[in-house]
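Visitor: I would like to learn how to read the features of a model like this one, taking each general idea before the particular case.

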Amino acid sequence: MGRPDHVVFLRRSFSKMDQLATPFLTGPRLCRVLAGVVPRGTDGVVVELGAGPGVLAEPIRSRLGPNARYLAVEIDSELVAHLRAHKPWLEVVQGDVADLERILDEAGIDRVDAFVSTLPWAVFPHALRDKVMDVIARRLTPNGAMSMIITWMALPNRVRELRTLLDRHFDEVVETATEWRNPPPARTFLCRRPLPRATSLDEHGTRSAS
Ligand SMILES: C[S@@+](CC[C@H](N)C(=O)[O-])C[C@H]1O[C@@H](n2cnc3c(N)ncnc32)[C@H](O)[C@@H]1O
């Protein structure tokens, strides 16, 4: 992670704090945890959501096989320009994850083996959050996985809602311990085996389709 990444991100955070959610970039340790859902040596498809200036690009790239495809989605035009200038090998789409289905279709991507997300899920409007999660779960391969980061700045009730949403969309959701050295402290959710249809859990923990 280079100094230019921090500089451009900090500058964008002054005008786009609602989208960036934090002036800090994810630290190297959590980048490695998030990238860990990418199977080592994969020749599959990896999609990163909210790529920012590209702090996850190398940790993800280091896990890819020679025939893998790695697409990075980012909404902010200045961060997209930075990505294209500093990581010319990376396939970058400037777009809003609200249009994730269309972005994948236009990129010719049907199935995704891993989504890596540092989107500000905890501040997303509910409708957007639900819509994007639905697309992720539907587009993942049966053994696919998704990772996301949650910082200590997220409101506890929003994190609880998010956890419920993840439990509806994935067979396994692992919440990692807080990484105190990350600015700000943060943890990750590592989600595996998407459920074919979103389900809800009743009070006995039994799943039913919604
Ligand atoms: C918390 S920052 C993470 C940046 C970087 N990936 C990292 O880990 O430090 C969130 C990123 O998601 C992007 N983002 C926010 N809303 C988005 C949306 N609706 N569609 C695509 N990207 C979005 C922001 O522009 C920002 O780059």
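Guide: What follows goes through the ligand and its surroundings, then a ring contact, and last the cysteines, bearing in mind that this is a predicted model.

Visitor: Which residues are closest to the ligand, and how many surround it?

Guide: The general idea is that a residue counts as near when one of its heavy atoms lies within 4 Å of the molecule. Here 20 residues surround the ligand, and the closest are T26, G50, E74, D96 and T118. This shell divides into eleven nonpolar, seven polar and two charged residues.

Visitor: Which polar contacts does the ligand make with V97, T118 and G52?

Guide: A polar contact is read as a pair of N or O atoms within 3.5 Å. A backbone N or O atom of V97 lies 3.0 Å from a nitrogen atom of the ligand, while an N or O atom in the side chain of T118 is 2.8 Å from a ligand nitrogen. For G52, a polar backbone atom is 3.5 Å from an oxygen atom of the ligand. As for cover, the ligand taken alone exposes 590 Å², of which the protein buries 96%.

Visitor: What sits over the ring of W89?

Guide: The charged end of R61 does, at 4.0 Å from the ring centre. As for pairs between aromatic rings, whose centres must lie within 6.5 Å, the count comes to three.

Visitor: How many disulfides does the structure hold, and are C31 and C191 buried or exposed?

Guide: The structure holds zero disulfides. Buried means under 20% relative accessible area, so C31 counts as buried at 1% relative accessibility, and C191 counts as buried at 0%.

Notes
Residues are numbered from 1 along each chain as its sequence is written. This is a predicted model: local features need pLDDT of at least 70, side-chain atom pairs count only at pLDDT 80 or more; totals for chains, interfaces and linings use all residues. Side-chain values use heavy atoms; hydrogens and water are left out. Rings of Phe, Tyr and Trp (its six-membered ring) pair if their centres lie within 6.5 Å; planes under 30 degrees apart count as stacked, over 60 as edge-to-face and the rest as tilted. A charge sits over a ring if NZ of Lys or CZ of Arg is within 6 Å of the ring centre and within 35 degrees of the ring normal. A polar contact is a pair of N or O atoms within 3.5 Å; within protein, one must be able to donate a hydrogen and the other to accept it, and residues adjacent in sequence count only if both atoms are side-chain atoms. Accessible areas come from the Shrake-Rupley method with a 1.4 Å probe; for residues, only the protein chains shown count as cover. Ala, Val, Leu, Ile, Met, Phe, Trp, Tyr, Cys and Pro count as nonpolar, Asp, Glu, Lys and Arg as charged, and the others, Gly among them, as polar. A disulfide is a pair of cysteine sulfur atoms within 2.5 Å. Buried means under 20% relative accessible area, exposed over 50%, partly exposed in between (1.4 Å probe, protein chains only).
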